[in-house]
Amino acid sequence: MSKYLIGIYLALVLSILVIIQIGIRQKSGPPSLDIQSEGKGYTPLAKKLEKVAEASQKAEMEVKQTQVDDEFDSMLLIPAGEFFMGSDEGSNDARPVRKIYLDGFYIDKYEVTFAQFYTFIGFTGHRKPRLAGYLSSSVTEDLPLFLKPLNPVVGVSWYDAVDYCQWKGKRLPTEAEWEKAAEGTDQRKWPWGNEERSEYANLLGDDGALYTAPVNHFTRDVSPYGVYDLAGNVMEWVADWYDQDSYRMLPVSNPVGVLYGEHRIIRGASWNDSIKRAQTSIRFKMYPEYRDVTIGFRCAKSG
């Protein structure tokens, strides 16, 4: 074969390789940014975020304009006396069961609402809650649904909760106070008793609430003392530092937990938790600066 024909042959092969490579790149390269190519139902991310921001601003305005009835500020007396703290059926950090004495104290009947927290913001200039979706894109788009006047405030840190309670002349409940308010003196597994009924509280399952619900909505998630939502709706910050072995060291009278730690304690379950996690003895830990759409709080006051 002449050099001339060899050159033509090599050029032809090279051309074919180039065409193949271009085809591969077109098939595996980044998707087109042309909106038309995505179909009629496609909405750009920027447009979705713009709609979320607009809906959030509208919801926030409604919250700011809502005057909360005095009922939502009411507190209930938890009388002085003994109760059994912990559970031998639960995790190791809730053992052993201890008989604990508490002085009488008051605790909020309801979880603190968005309307109440925004009143606090209006008077003090405190920072706003940080709402952030973490479960899926649908939750992110639905964040304005959390921002309802009578729904529990979420997206607040332990420090935010402390600041609010102090502004109200109150404090966060201790872990022991929270548990007694939830279970009474007869070691109830859930505030309503020992029957496993996920529909009684705002939890995962068929309870009619997709996310949070008004704090007076679930009338069967009520403790022996009349305190609402200690099983579901949102998890709640309490005063104590977390320690896995603290139940072995608790004083038998008015315990306040360990003196320092890395995590604070949250009690109760949220709209995103199962009925098992809603038991009155279950303990959770979290960094105090953490803010999330599953965590809120209520306040307490010494008797």
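In this predicted model, strand β1 runs antiparallel to strand β4 (residues 105–108), and the two are joined over 4 bridges. Within this pairing, L76 has I107 of β4 as its bridge partner. The two strands belong to an open sheet of 3 strands, ordered β1-β4-β9, in which the pairing is antiparallel. At the edges of this sheet stand β1 (75–78) and β9, each of which pairs on one side only. From one strand to the next, the twist averages 25°. As a general reminder, strands of a sheet pair through backbone hydrogen bonds, in either a parallel or an antiparallel sense.

A further open sheet holds 4 strands in the order β7-β6-β5-β8, and here the pairing is mixed. Its edges are formed by β7 (283–286) and β8; each has a single partner strand, so one side of each is left without a neighbour in the sheet. Strand β6 (residues 264–267) pairs with β7 in the antiparallel sense, over 4 bridges. Readers who wish to trace this register can begin at R264, which stands opposite M286 in β7, and then move to I265, which stands opposite K285 of that strand. Strand β6 also pairs with strand β5 (residues 235–241), again in the antiparallel sense, over 3 bridges. In that pairing, E236 stands opposite R267 in β6.

The side chains of β6 deserve a closer look. In a regular strand, side chains alternate between the two faces of the sheet. In β6, R264 and I266 point one way while I265 and R267 point the other way, and all of them are buried. One of these residues, I265, returns below in the lining of a cavity.

The model contains 1 disulfide by the rule applied here. A disulfide is a covalent bond between the sulfur atoms of two cysteines. The partners are C165 and C299, whose sulfur atoms lie 2.3 Å apart. The torsion about their S-S bond is about -90°, so the disulfide is left-handed. C165 sits in helix α5 (residues 158–167), whereas C299 sits in the loop between β8 (295–296) and β9 (300–302), so the pair ties together parts that are 134 residues apart in sequence. The loop that carries C299 thus follows β8 and precedes β9, where β8 is an edge strand of the 4-stranded sheet and β9 is an edge strand of the 3-stranded one. C165 counts as buried because its relative accessibility is 0%, below the 20% cut-off. The relative accessibility of C299 is likewise 0%, so C299 counts as buried too.

Turning to the helices, α3 (residues 114–124) has F114, A115, Q116, F117, Y118, F120 and I121 buried. Just after α3 comes G125, with a positive phi of about 75°. Among the buried residues of α3 is Q116, which also contributes to the lining of a cavity described below.

A search of the whole structure finds 2 cavities of 30 Å³ or more. The largest cavity has a volume of about 50 Å³, and its lining consists of M85, E175, A176, D240, S246, Y247, L250, P255, G257 and I265. Helices α6 (175–183) and α7 (246–249) are the elements that give two or more residues to this lining. By residue class, the lining divides into 6 nonpolar, 2 polar and 2 charged. I265, a lining residue, is also the β6 residue that stands opposite K285 in β7.

The second largest cavity has a volume of about 30 Å³. F72, D73, D108, Y110, V112, Q116 and K170 line it, and these residues divide into 3 nonpolar, 1 polar and 3 charged. Q116 of this lining is the buried α3 residue met above, and D108 of the lining falls within the span of β4 (residues 105–108).

Open space is also found in the model. The largest pocket holds about 170 Å³ of space. Its lining is made up of G86, S87, D88, E89, V97, E183, Q187, R188, K189, Q279, T280 and S281. These residues divide into 1 nonpolar, 6 polar and 5 charged.

Technical notes:
Residues are numbered from 1 along each chain as its sequence is written. This is a predicted model: local features need pLDDT of at least 70, side-chain atom pairs count only at pLDDT 80 or more; totals for chains, interfaces and linings use all residues. Side-chain values use heavy atoms; hydrogens and water are left out. A disulfide is a pair of cysteine sulfur atoms within 2.5 Å. Buried means under 20% relative accessible area, exposed over 50%, partly exposed in between (1.4 Å probe, protein chains only). On a 1 Å grid over the protein atoms alone, a cavity is a set of points where a 1.4 Å probe fits but cannot get out, and a pocket is an open set with protein on both sides within 12 Å along at least five of seven lines; lining residues have an atom within 4 Å of a point. Grid points are joined across faces, edges and corners, and a volume is the space filled by probe spheres set on the points. Ala, Val, Leu, Ile, Met, Phe, Trp, Tyr, Cys and Pro count as nonpolar, Asp, Glu, Lys and Arg as charged, and the others, Gly among them, as polar. Two strands pair if DSSP finds at least two bridges between them. Axes are lines fitted to C-alpha atoms, for helices over the stretch in contact, and angles run from 0 to 180 degrees between N-to-C directions.
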